Structures are given as structure tokens and as C-alpha cells.
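Visitor: I would like to learn how to read a structure feature by feature. Please start with the metal site and work outwards.

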Amino acid sequence: MSGSERVLRIEGLRACVGDVEILNGIDLEVRPGEVHAVMGPNGSGKSTLSHVLMGRPGYTVTGGTATIDGVDLLGLATWERAQAGLFLCLQHPTEVPGVSLDALLAEAARAGGRDVVAVHDALRTEAGRLGIDERFLDRPLNVDLSGGEKKRNETLQLGALGARYAVLDEIDSGLDVDALATVSRRIQEATDEDGLGVLAITHFSRLLEVLEPDRVHVLAHGTIAASGGPELVDRLEAEGYGGVLGDAAADEPETSVGLPHAADFGEDPFADPLA
Ligand code: ADP
Ligand code: MG
């Protein structure tokens, strides 16, 4: 690692789908060990931010930069972003018939020139920490799992791969209360023990009771409309987005009307085959 500053830095990030700008200039800095919560009304651009950071096809970056520990992310292929230390927990994890979690992580380890046996062992250790039965590790990835089991699987991969920064897109959706506690505790531990930096997209304060945010940001119309400390979560619970942002900012944009879908742009490894 060079002597460059350790930070996931997003500056003035703008991105379009078709002709419509969805991200209108995002500025965020996540340092190792920090948790930044991103909240915001439906359609405000939260998932788009996660997809643009990870390089999902179908989005055009029209301005700004995103770097990870000094490395330009936007110039890299998705797998290279992963190798650079970025991990995305998808809102809707993909099912991959024929490929086990074990095989997937072995391949990821090889591609990154890492010790395959160490990653294999890390996967078992992680499964133990998350209370996941080892027989899941040999089954085809996410196939026939419940929504909550898929989210636990994402957390398992995050831990086993030892990513440096994680974007969690609604990791809490689909998890029952016990699984939510386990998953959020594991991620909190990764921030404390390994200095994982986290961008946690969520609608619910429950996740943030265990995974304690250093900063809370509210996205509206593709831009960060408000930022604050953890107390902002309580204000949002009490007053809603309208109360915190004013009614205009909380209105859902109509950007999706007539837009092409990302799937129309060709091969999309992020697509949910069941959608
Ligand atoms: P959020 O995650 O905050 O609910 P999204 O980032 O999913 O919002 O979407 C923001 C806006 O951009 C929505 O209006 C959505 O319909 C539109 N959008 C995002 N991605 C695409 C896409 N690939 N194709 C068409 N519209 C999209
Ligand atoms: Mg979303």
C-alpha cells in the first residue's frame, strides 16, 4: 500500500440513466472504522449511488470523482473495484446457480493473489460468528434462500473477504430481529476490529442502534440535503423526511418515467433474475 491517505472519498459525483441525471453532485468521505448512514425517501438515488460506486452497467458518470485510498474507482472494472477493497451488499442479492459460496470466494482470493486456504478458513470462522450452518457454504450461492438468509450470506462474504470499505444497500430489509442483531453486531465489530469503513443505506433506525453511525446523511433528489450526527436519526423518526427537509425536498422525483432500464444496456451482473 502506498502512503496515500486512507479514505473512501466521493466528490461532486453526478450520474445519469439515459438522459436523466439521478445523482446531482454527491460529496461524502468515509474513513476507516467510520459508519456513515445514508437515509432518504424512495427514489432519491441511494441505490444508484451504490451501483455507480461499484460500476453497474447502465449508469453514465457525468461528473465528479470517487477514490478509495487514493485509487480512482471510476476508471476500474467492477471486479477491480472489489480487489481494491470495496464491497457492495446488494439490496437484492443475486442467485448464482451452480456456483457455491466456497468456489466464489476461492476464485476471488485467486484473482487477488491471496491465500485460498486462508479465505476458506475465514469463511468457516465467519459462518460461526454469524450462526450460519456450514452446509450453506457448499450450496449454490443464494439459490432458494429467503431474503434474510441472502443478506446474512452477503455479510458472510464481506467478513471472509476482509474488504476495507462496505456499501450496505438496505442490509436490514428481510432480516428478522434476531438476524438483524447478529448482522449489525458483526459489521460493528468489523469497524472496531479491522477498521472497516461503512456506508449504510437504510430506512430504519433499528440497524443504527447496534451499528452506530458517526454521521447521518439524508439524500433527496440525488444530492445530500442534510447531514448530522446520530441525533438526526431520531429527528427523522419523529418528523419524517418532510419535517427535516421541507415538503419540496421530500417529494419523490418522477425521473423513472420513460427511462430505459439498466437491463437494457446489456450484460448486468447485478440483475435480480427473479425480478
Ligand atoms: P432509492 O434507492 O433511493 O430508492 P434509486 O437509486 O433506486 O432510489 O432510484 C433513483 C431514481 O432513479 C428512481 O426514480 C429510479 O426509478 C431511477 N433509476 C435508478 N436506476 C435506474 C435504472 N437503471 N433505470 C431506470 N431508472 C432508474
Ligand atoms: Mg434503493
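Guide: The magnesium ion (ligand 2) has as its protein donors Ser47 (OG) and Gln91 (OE1), at 2.1 to 2.6 Å from the ion. Keep in mind that this is a predicted model.

Visitor: Where in the chain do Ser47 and Gln91 sit?

Guide: The pair joins distant parts of the chain, 44 residues apart. Ser47 belongs to helix 1 (residues 46–54), while Gln91 is in the loop between strand 6 (86–89) and strand 7 (96–100).

Visitor: Are Ser47 and Gln91 buried or exposed?

Guide: Ser47 has a relative accessible area of 21%, so it counts as partly exposed. Gln91, at 22%, is partly exposed as well. The cut-off for buried is under 20%.

Visitor: How much of the protein is buried?

Guide: Of the 275 residues in the protein, 49% are buried. The chain has 9 helices and 12 strands. Among contacts in the protein with a separation of 6 or more, 70% are between residues 24 or more positions apart.

Visitor: Which residues touch the most other members of the largest nonpolar core?

Guide: They are Leu156, Leu158, Leu168, Ile187, Val198 and Leu211, in a core of 47 residues. Helix 8 (residues 231–245) gives the most to this core, with 6 residues. There is also a second, separate core of 28 residues, and Leu28, Leu73, Ala84 and Leu219 are included in it.

Visitor: What is Leu158 in contact with, leaving aside its neighbours within four places in sequence?

Guide: The contacts of Leu158 are Phe87, Ala163, Ala166, Leu168, Ile187 and Leu196. Two of these names, Leu168 and Ile187, also appear among the core residues that touch the most other members.

Visitor: Now polar side chains. What does the side chain of Gln188 approach?

Guide: A polar atom of the Gln188 side chain lies 3.0 Å from the backbone nitrogen of Glu212. Gln188 is in helix 6 (residues 177–194), and its relative accessible area of 16% makes it buried. Apart from residues up to four places away in sequence, Gln188 touches Val210, Leu211 and Glu212. Leu211 is one of the core residues listed earlier. From Gln188 to Pro213, the C-alpha distance is 9.6 Å, across 25 residues of sequence.

Visitor: Which side chain makes a polar contact with that of Asp69?

Guide: The partner is the side chain of Tyr165, at 2.6 Å. Asp69 is located in the loop between strand 4 (60–68) and strand 5 (71–72). A loop position does not settle the question of exposure here: Asp69 has a relative accessible area of 1%, so it is buried.

Visitor: What about Glu11: which residues does it touch, not counting residues up to four places away in sequence?

Guide: Glu11 touches Ile26, Asp27, Gly64 and Thr65. Glu11 is in strand 1 (residues 8–17) and is partly exposed, with a relative accessible area of 41%. The C-alpha atoms of Glu11 and Gly25 are 7.4 Å apart, although 14 residues separate them along the chain.

Visitor: How do I read aromatic rings, and how many aromatic pairs does the structure hold?

Guide: A pair of rings is described by the distance of the centres and the angle of the planes. This structure holds 0 aromatic pairs. A ring can still take part in another arrangement: the charged end of Arg135 sits over the ring of Phe136, 5.3 Å from the ring centre.

Visitor: Last, backbone angles. Which residue other than glycine has a positive phi of about 65 degrees?

Guide: The general idea is that most residues other than glycine have a negative phi. Asn142 has a positive phi of about 65 degrees and is not a glycine. Asn142 lies in the loop between strand 8 (140–141) and helix 5 (147–161), and with a relative accessible area of 1% it is buried.

Visitor: What is phi near for His221, and where does that residue lie?

Guide: His221 is another residue other than glycine with a positive phi, near 50 degrees. His221 is found in the loop between strand 11 (215–220) and strand 12 (223–228). Whereas Asn142 is buried, His221 is partly exposed, at 33% relative accessibility.

Technical notes
Residues are numbered from 1 along each chain as its sequence is written. Chains are lettered from A and ligands numbered from 1 in the order in which they are written. This is a predicted model: local features need pLDDT of at least 70, side-chain atom pairs count only at pLDDT 80 or more; totals for chains, interfaces and linings use all residues. Side-chain values use heavy atoms; hydrogens and water are left out. Helices (H or I, at least four residues) and strands (E, at least two) are DSSP runs, numbered from the N terminus. Buried means under 20% relative accessible area, exposed over 50%, partly exposed in between (1.4 Å probe, protein chains only). A polar contact is a pair of N or O atoms within 3.5 Å; within protein, one must be able to donate a hydrogen and the other to accept it, and residues adjacent in sequence count only if both atoms are side-chain atoms. Contact means heavy atoms within 4.5 Å. Rings of Phe, Tyr and Trp (its six-membered ring) pair if their centres lie within 6.5 Å; planes under 30 degrees apart count as stacked, over 60 as edge-to-face and the rest as tilted. A charge sits over a ring if NZ of Lys or CZ of Arg is within 6 Å of the ring centre and within 35 degrees of the ring normal. Donors are N, O and S atoms within 2.8 Å of the metal (3.2 Å for Na, K and Ca); water is not among the atoms, so sites may look incomplete. A nonpolar core is a set of buried Ala, Val, Leu, Ile, Met, Phe, Trp, Tyr and Cys residues joined through side-chain atoms within 4.5 Å.
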